[in-house]
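The following paragraphs are meant to be read with the model open alongside them. They begin with a pair of helices, and then turn to the chains and to the places where chains meet.

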Amino acid sequence: MIGEIVAALPLKPIVAVLAIPACAAALLALLPGYRLTAALNVLAGLLTLVAALSLLVERPAPGSYFFVDDLNIVFIVLGTFVGFTTSVFSASYIGHEIEIGRLTAVNLRFYHAMYQALMFAMNLALTANNIGLMWVAIELATLTTVLMVGIYRTHEALEAAWKYFILGSVGIALALFGTILVYMTARPVVGEGYDAMVWTLLVSRAPDFAPELLNVAFIFLMLGYGTKVGLAPLHAWLPDAHAEGPTPISAVLSGLLLNVALYAVLRFKILLAANPATIAPGPLMVVLGLLSVIFAGFMLYQRRDIKRLFAYSSIEHMGLIAFAFGMGGPVANFAGLLHMTMHSLTKSAIFFAIGHIAQVKGTQKLAEIRGITETHPLLGWGLVVGVAAIAGLPPAGVFTSEFLIISSTFARNPALAALLAFGLLIAFGALLLRLSQVAFGEPLGGKAPVEASYVPLIAHLSLVLAAGVFLPGPLVRWFQNVAGMLN
Amino acid sequence: MVQFSLDFAHLLAGGLVLISFMLLYQDRMFGLLNVFALHAVVLSLSVSWQAYVQDAPHLYITAAIALGLKAILIPIALHRVVVRLGIHREIETVGGIGLTMLAGMGLVALSMVVMLRVTGAADPLAREDLAFALSVILLGLLMMVTRRNAVSQIIGFMSLENGLILAATGAKGMPLVVEISVAFSVLVALIVIGVFLFRIRERFDSVDIEALDEVRGDRS
Amino acid sequence: MDLMLELAIQGVQMAIVLTAAPLLLGFTRAVRARLLSRQGPPLLQPYRDLARLLRKEVVLAENASWLFRSAPYMVLAATWVAASVVPTFATGLYFSWTADLIAITALLGSARFFMALVAMDVGTSFGGIGASREMMFATLAEPAMLMIFFTVALVAGSTELSYVANFMLTHASLRVSLGLALFALIIVALAENARIPVDNPATHLELTMVHEAMVLEYSGRHLAVIELAAALKLLLYISLIVCIFFPWGIAPHGAGPIGYALGVFAYLSKATVAAVLMVLFETSIAKMRVFRVPEFLGVALMLGLLGILLRFMSRSF
Amino acid sequence: MALHLAQWCILALAFVAIGAVVAPSSPRTIRTFYAACAAISIVVLALAARHLLTQAPAETSRLPIGLPWIGARLRIDAISAFFQLIVNFGGFAASLYAIGYGVDEESPKRVLPFYAIFLAGMNLVLIADDAFTFLASWEFMSLSSWALVVSRHRDRENVQAGYVYLLMAAFGTFALLLVFGLLAGADGHYGFSAMRSASHASGLAGAAMVLALVATGSKAGLAPLHVWLPLAHPAAPSHVSALMSGVMTKVAIYGFVRIVFDLLGQPAWWWGLVVLAIGGATATLGVLYAMFERDLKRMLAYSTVENVGVVFVGLGLALAFKTNGMGSAAALAFTAAVFHALNHSLFKSLLFFGAGAVLHGTGERDIEKLGGLIHTMPQTAFVFLGGCLAISALPPLNGFASEWLLFQGILLSPDVPQWGLKLAIPAIGALLALAAALAGACFVRAYGVAFLGRPRSECASGAHEVDLFSRGAMFLLLAACVLTGILPGLVIDAAAPVTIAAVGESMPRQVSQSWLNIVPIAASRSSYNGLLVMAFIAFTTIVAVRAIHKFASDRLRRAPAWDCGFPNADPATQYTAASFAQPIGRVFGETVFRTREKVDMPAPGALRPARLVLSMRDPIWDAIYARIHGAVDYVSGRLNVLQFLTIRLYLSLVFAVLIALLLAVSIWT
């Protein structure tokens, strides 16, 4: 029934997923006015989400440019969902920014266009069946976010954008070299030309590839895309980019862009796994992941800026996810996917909350924010729930995934599990320390009521909480299937 | 003929590595810009040779971009930046030039070891071409991390990128090469514009980080 | 009928300890006076004192609470119950299994608990001093006592005093651990009964008081009850030492009237000897500073612990 | 049946929580909500009691929630049922107390929902039958109680206390996670039934035991993981403090029993030694801390540390006996432990309720500012006295009964063959005796200073008695303390199935003993009869009172205190709590707390007062937590440099990683 409806649509879902944001970006670049554009932005987000969801129903056959499989559809649905909810949040957030004059009308037009361009780039990266195309898409996504991070034009924002730009460029260069190497590896087997970059062909022929070249390729790809993922010590751009840009962008960065980069890494991990003679990519991911978790855990203690705090928390969680995928195996892969989903939802929810909090308090400094649960109960408790969830307390889904990651690791390598637990504990301590200062105590800072859109916040958090209590069977099977692919 | 084309390609790639060393050796700003222009010219030659050998005319576009943009436009632009912003004419290095040269030798050796281990399946052209390309890339990165001036860092990045183009054009039949080289040129242009716009005079680090962090409140 | 008899014997025990306690006190005072070459009070003076106190009016501090008025009875009851389960003249008393050595310690602890509490009730500084010092002593004396009892129980294989006494009678032999326990128990007994060298019941210097400081605010019948309880406690300790370490002549269960009479006689003579020894010790030693007492009691605790450890090491100790 | 209903009850508690969020907070609704909690607790209590008394077989069920391919497995067996008894009796009493007490809460919405969830979480831990459900509900319990701790968040100290608490809870959870990781094995058998039937390698089981001790000990308050208790327990509203201290610590003990006695199988001999040593140290250290504490509720929390230590000594003994196949001795020690756990839940709840009443009546927790409450709050004073007697292990109340059993267990231990245990157990016994004596001193001090004497401040003199419900709850608990004290046999028999489940044997049936004696092994070894002791005391008291009143003068005159002829009207001349503790401090404090007294004596003729300055250091905080804090600070400070590098240096980092990896791949073959 639904399948028929989808089939009858004028646009194929896969096209729609790309075309809607692309057209919206072009349109939004032209249209003036705040209310209309914000609404259009939300509408485009919604339509993209619908298109992505219909991909679930009707999955196109893999073409030479685009393809959809069990793995990338997770990312697409998650990405479009977070993109949509963030656009809702963005509408109220940006409204306030316009009011206080932090953003001008021109900025706004630019902002909305870039927002949809980013959506387009990410969807492109996710659906691309060509490693070169994927690379181009990720570079595009990076560039759009660089521009958005710098949108406030303050000294700090420009500096953050600059840092992001330079480090991102080097990362992108390394990734390109890796991509070229993969092509070189594939060429003797698959043949010259376009085919040697088509993902589905690469995987099917991978066992015949020269393993040495593939190893070197993976190192470059891991470092290149790993920079985007924000793994320590390649993370440097991430905290500042999160802290200085508009909060919706922080939410999108943490909730989406990091995932897209991770997706790229996973793709190449699959490629390597298909060739038994190559090095196991797992240990590299495990080491970088563990390093990120512990490093970010310690860094959290010294943070004075609320958004930078949660940016470091993103590093920690991306580390954890990389760790899980690096460990591999059905349980850890499942947990990694689940964790990625939960992290996206939770972290963007946290950014929704702190976006409004920072607006109402007029500051991002942790020391100047106190007792939000008193002055703004809904925001405050939303933040408490979000942070508790991200810190891995039940009944949030993050708890489930952390449980699976640690306990499954422990059976295989107790020392690693203990180290991971140590890192998580360190991070937990820091997050809760800051949370209890911000959420409780004698209220400090603005007490004015806030015109916030609570819907995205509540929607994300309830999804996360529900996932901790109950994961629906189809979802579990789907994730298990993907976990099998990643092995 | 095949052997000759290979040898010539190797000669050009090897020349690129050599010029990368020359870049490392420079301690004067203008000298650096000139050597970089030479770097771009050699790259352009190499790309053209590949276009000819592989009979891939679209690669001439890439060669043209390399020549026009990197060998001429950007050096001139940077020249003006240096003059306009009154940037020091001397290049500040970390660890001294001799040491960076030694490190560069090590890097070349490393890339040879890494790439020459790749045996059998890959054809020798690709293998040796890649070894040179990797050397150029690593030397470019080395330059970025051992030079304190923003301009020399940009040049490091561009030489890194030249290495990438070298690798991409050497990879016979690789699609999207032109697009990629265009995309990279845009990136480089943006960086140069960034330097110009943000008045990053001396170094990428010259933005007073300490003072900034006070503002951000990330330092107690 | 049997039950009635058993109950009667238990009743006799309770009556004996209660009536003999002041006598014992009077006896120790008389002996002490003799040793100091004084005339000394008559033997029955404690009874007269009690009677006099009972006749007097009670002067109650204005803010004394109900606890202050009821505590003396609680103290007496706890001490009396403890004293009545310690075999004096006969073992196997009907209710002897109600409370064993550990429970006796705890009952004495209850008495002390109330005593120390009411010392703080009126809110004077001397009461507080007394209570505080008493509890400090107790923190060492009580574990010491438990350790001693553990040693004994491990030797005898039981914490029931009747069994212990029977065991000591039948398996009597010299054991190191028992010697340590005896020595420690004497130290504890001196401390617990406010005897020299730990405390001086006859002191008039408030700052050195411990027990007396606690009861400063009492008068009349309340004081009488407390005095009686104190005398009872002294008797209890002497009975304990005698029962555990020198159970000779104690009447076995169901010994018949003559056996019980002999038991009473034996008990009284042993108690006399013990009292004399105690007074001898007291008169030959000086009172120590308050903060020397913990060390003194610490010795008891260590001895008790040593006793157990030896016992754990080998059955033959 | 029991399990099914228990599930519904937990769900009902969740609905109460939701209702509490939604409903307006008028005193009426607050009362209704607490009444609902009380009713639900009573239902679970009744179910558990039935399960235990009928010795029903274990019930299991499986809900399709939680971890996907395992589901939430639930199970009620004797161990669960016994602890359900503890939890829900405490829950019932606390809810009853709160019907009156909770109305005056300044922000009820910060308490009510979490209160219900807290109860639900504790109940869920007890019936969880797989690692995930167990951990999730365990964390749930921590999280909700954390929210309760920070419910009075305007006070900075409370928030900090909550922070320390949650951090320790997380630490415990990670340790538990590792335990379950160990037990589940590589294939991820997270169900308890699989863990129970699997045979664990001895080294692995030993590691799991240590981790379980750390995990549950951090929740129960074993030294040196106890630091959060005295911070967090007092910070919550008093009925919650009672639950946390009296009940939640028991859930932690349940966790230990479940993992070590039930899941791990046969113990190794050194397990007992470790548990005994930590238990003994905890008991002594806890009460020493309590001795010097001037905050009434903190004092109670420290006393909880002591009692938890006592329970763990019992468990350690049981382990030691179990290793050596001494079934009846293990049963005795284990019974003593769970009996003491039950007792502690009763009297500690009672005491916290009392402290809450004092706080309510005077607004003060500092005992140095109290005094004379026996006049203004006579009923509270009465029940608090009962609680003090019980916790000081004085007969005939319940605290004594369980300590007596424990001492009997220690007396059985010369038969243990291992030398380590032989040497340790007497020392532990001495520590336990010391702890008991110190507890007595500690509660004399607390009661004497807070309730007796003269009021030391205006808030103390203006105190007023608490409401009917609160008093009712306290009297209920006092009655329970007396009942379990004089009829310990009933509890021992009720605990028999638990003992069988944990150590394989049980104590002989007690109810059939003549005169309701309790006889752990044989009448010739030892026996105790709380009922008769009670009767004896009553009898002798009556005799004494009757006799005195018959023969003595009954004249009575009120007069100013005599005080050796120097009465001073100023309440400040009374002995303070600090001065009370000072002699004990001199004896024990110098070694443990490095107490230093400094007398600042003015020169002769100077008019300023002399001062005595007492300094104390917390050895555990200094040795462990201060260092960890310092280390984290140091490391994070050092690493923080990485936030402020230049772009060039960041690039160098990337470069270095690249080179390292390339080197690695070139060396790798």
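**A helix pair, four chains and their contacts**

In chain C of this predicted model, the axes of helix α7 (residues 176–192) and helix α9 (residues 220–245) come within 10 Å and cross at roughly 175 degrees. Because angles over 145 degrees count as roughly antiparallel, α7(C) is described as roughly antiparallel to α9(C). On the side of α7(C), the residues that meet the partner helix are L178(C), L182(C), L185(C), A189(C) and E192(C), and α9(C) answers with K233(C), Y237(C), I241(C) and F245(C). Sorted by character, the residues of this contact comprise seven nonpolar and two charged, with no polar residue among them.

The chain that holds this pair has eleven helices and one strand, and its elements, read from the N terminus, follow the order α-α-β-α-α-α-α-α-α-α-α-α. Chain C has a radius of gyration of 19 Å, close to the 20 Å that the globule rule gives for 317 residues, so chain C is as compact as a globular protein of that length. The C-alpha trace of chain C spans about 55 × 45 × 45 Å along its principal axes, and 62% of its 317 residues are buried. Of the contacts in chain C between residues at least 6 apart in sequence, 79% join residues at least 24 apart.

Chain D contains 25 helices and five strands. Its radius of gyration, 27 Å, is close to the 26 Å given by the globule rule for 669 residues, so chain D too is as compact as a globular protein of its length. Along the principal axes, the C-alpha trace of chain D spans about 105 × 70 × 60 Å, and 63% of the 669 residues count as buried. When contacts in chain D are restricted to residues at least 6 apart in sequence, 80% of them join residues at least 24 apart.

Two residues of chain D illustrate exposed positions within its regular elements. L468(D) is found in helix α19 (residues 468–486) of chain D, and L468(D) counts as exposed because it has 10 C-beta neighbours inside 10 Å. Between L468(D) and C564(D), which are 96 residues apart along the chain, the C-alpha atoms are separated by 41 Å. L63(D), for its part, lies in strand β1 (residues 59–63) of chain D, and with 12 C-beta neighbours inside 10 Å L63(D) likewise counts as exposed. If neighbours within four places in sequence are left aside, L63(D) is in contact with G71(D), A72(D) and L74(D). The C-alpha atoms of L63(D) and I259(D), 196 residues apart in sequence, are 22 Å apart in space.

I259(D) appears again in the surroundings of V179(D), which touches A208(D), L211(D), A212(D), A215(D) and I259(D) when residues up to four places away in sequence are not counted. V179(D) is, together with V260(A), one of the residues with the most contacts inside the largest nonpolar core, a set of 694 residues. In soluble globular proteins, nonpolar side chains tend to be buried together.

V260(A) leads to chain A, which has 20 helices and zero strands. For 487 residues a compact globule would have a radius of gyration near 23 Å, and the 21 Å of chain A agrees with that. The C-alpha trace of chain A spans about 65 × 55 × 50 Å along its principal axes, and 69% of the 487 residues count as buried. Among the contacts in chain A with a separation of 6 or more, residues 24 or more positions apart account for 82%.

Which of the four pairs of chains in contact share the most contacts? They are chains C and D, and in this pair 70 residues of chain D are in contact with 74 residues of chain C. On the side of chain D that touches chain C, at least two residues each are supplied by α14 (373–376), α16 (398–411), α17 (419–450), α22 (530–551), β3 (556–559) and α23 (577–592). The largest share of that side, 13 residues, comes from α17(D). By character, the residues of the side of chain D that touches chain C comprise 43 nonpolar, 19 polar and eight charged. Chain A and chain C, by contrast, are joined by no contact, their closest C-alpha atoms lying 39 Å apart, and no contact joins chain B and chain C, whose closest C-alpha atoms are 49 Å apart.

Conventions: Residues are numbered from 1 along each chain as its sequence is written. Chains are lettered from A and ligands numbered from 1 in the order in which they are written. Helices (H or I, at least four residues) and strands (E, at least two) are DSSP runs, numbered from the N terminus. The radius of gyration is taken over C-alpha atoms; the globule rule is 2.2 Å times the number of residues to the power 0.38. A residue is buried if 20 or more other C-beta atoms lie within 10 Å of its own, exposed if 12 or fewer, and partly exposed in between; C-beta atoms are placed from the backbone. Two residues are in contact if their C-beta atoms, placed from the backbone, lie within 7 Å. Axes are lines fitted to C-alpha atoms, for helices over the stretch in contact, and angles run from 0 to 180 degrees between N-to-C directions. Angles under 35 degrees count as roughly parallel, over 145 as roughly antiparallel, 65 to 115 as roughly perpendicular and the rest as oblique. Ala, Val, Leu, Ile, Met, Phe, Trp, Tyr, Cys and Pro count as nonpolar, Asp, Glu, Lys and Arg as charged, and the others, Gly among them, as polar. A nonpolar core is a set of buried Ala, Val, Leu, Ile, Met, Phe, Trp, Tyr and Cys residues joined through C-beta atoms within 7 Å.
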